[in-house]
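Hi everyone, thanks for coming. I'd like to take a few minutes to walk you through one structure, so please have a look at the screen.

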Amino acid sequence: MKLRDKLIEETILVPMQATSKESANKELLTHLKSIDILSATVQLFANIIEQENILTTSAGRGIAYPHST
């Protein structure tokens with residue numbers, strides 16, 4: 001799977017209501033679950049937060065690529 005295969009209009013969430021990195025991750029995961037891209041979000045959210053604590057996924061200017069290993 002390549003990132004470009006998932007970057008379709010339905011998976012991009014703009015504008016977001018989140019005001020923190022944690023709430024942005026939750027908002028995005030909830031959105032992806034609502035459009036059937038994800039089936040569960042709790043463990044994935046925990047994994048993303050763990051990854052963020054090791055190394056940020058921020059690309060700058062309000063853009064990030066949260067991911068989990």
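I'll go through a pair of packed helices, then the largest pocket, and then a handful of single residues.

One thing to keep in mind from the start: this is a predicted model.

Let's begin with the helices. Two packed helices are described by the angle between their axes and the distance between the axes. Here, helix α2 covers residues 21-34, and helix α3 covers residues 42-54. What are the angle and the axis distance for α2 and α3? The angle is about 145 degrees, and the axes lie 11 Å apart. As for handedness, α2 and α3 make a right-handed crossing. If you want to find the contact on your screen, look on the α2 side for Lys21, Glu22, Asn25, Lys26 and Leu29. From α3, the partners are Leu44, Phe45, Ile48, Ile49 and Glu52. Sorted by type, the residues of this contact come out as five nonpolar, four charged and one polar.

Now, the pocket. Rolling a probe the size of a water molecule over the atoms shows where empty space is left. The largest pocket in this model has a volume of about 1200 Å³. Its lining is made up of 34 residues, and those closest to the centre are Leu28, Leu32, Ala64, Tyr65 and Pro66. Which elements give two or more residues to that lining? They are α1, which is residues 3-6, then α2, α3, and β2, which is residues 63-64. The biggest contributor is α2, with six residues. By type, the lining has 20 nonpolar residues, 10 polar ones and four charged ones.

Let's zoom in on single residues, starting with His31 in α2. Is His31 buried or exposed? Its relative accessible area is 18%, and the cut-off for buried is under 20%, so His31 counts as buried. Setting aside neighbours within four places in sequence, His31 contacts Glu10, Thr11 and Leu13.

Just along the chain from those contacts, there's a detail in the backbone. Val14 and Pro15 are joined by a cis peptide bond, with omega at about -5 degrees. Pro15 sits in the loop between α1 and α2.

Next, the loop between α2 and α3, where I'd like to show you Asp36 and Thr41. Asp36 is in that loop, and its phi is near 65 degrees, a positive value in a residue other than glycine. With a relative accessible area of 69%, Asp36 is exposed. Thr41 belongs to the loop between α2 and α3 too, but Thr41 counts as buried, at 16% relative accessibility. What does Thr41 touch, leaving aside neighbours within four places in sequence? The answer is Leu29 and Lys33. For Leu29 we also have a C-alpha separation from Thr41: 6.2 Å, with the two residues 12 apart along the chain.

Last stop: Ser68, in the segment after β2. Ser68 has a relative accessible area of 27%, which makes it partly exposed. Not counting residues up to four places away in sequence, Ser68 touches Leu44, Asn47 and Ile48. Two of those names, Leu44 and Ile48, came up earlier in the contact of α2 with α3. We can also place Ser68 against two further residues. Its C-alpha atom is 10.0 Å from that of Gln43, with their positions 25 residues apart along the chain. Gln43 lies in α3 and counts as exposed, at 54% relative accessibility. From Ser68 to Lys26, the C-alpha separation is 14 Å, and these two are 42 residues apart along the chain.

So that's the tour. If you keep one picture in mind, let it be α2: it packs against α3 at an angle of about 145 degrees, and it gives the most residues to the lining of the largest pocket. Thanks for listening, and I'm happy to go back to any part of it.

Key: Residues are numbered from 1 along each chain as its sequence is written. This is a predicted model: local features need pLDDT of at least 70, side-chain atom pairs count only at pLDDT 80 or more; totals for chains, interfaces and linings use all residues. Side-chain values use heavy atoms; hydrogens and water are left out. Helices (H or I, at least four residues) and strands (E, at least two) are DSSP runs, numbered from the N terminus. Buried means under 20% relative accessible area, exposed over 50%, partly exposed in between (1.4 Å probe, protein chains only). Contact means heavy atoms within 4.5 Å. Axes are lines fitted to C-alpha atoms, for helices over the stretch in contact, and angles run from 0 to 180 degrees between N-to-C directions. A crossing is left-handed if the near helix is turned anticlockwise from the far one by less than a right angle, and right-handed if clockwise. Ala, Val, Leu, Ile, Met, Phe, Trp, Tyr, Cys and Pro count as nonpolar, Asp, Glu, Lys and Arg as charged, and the others, Gly among them, as polar. On a 1 Å grid over the protein atoms alone, a cavity is a set of points where a 1.4 Å probe fits but cannot get out, and a pocket is an open set with protein on both sides within 12 Å along at least five of seven lines; lining residues have an atom within 4 Å of a point. Grid points are joined across faces, edges and corners, and a volume is the space filled by probe spheres set on the points.
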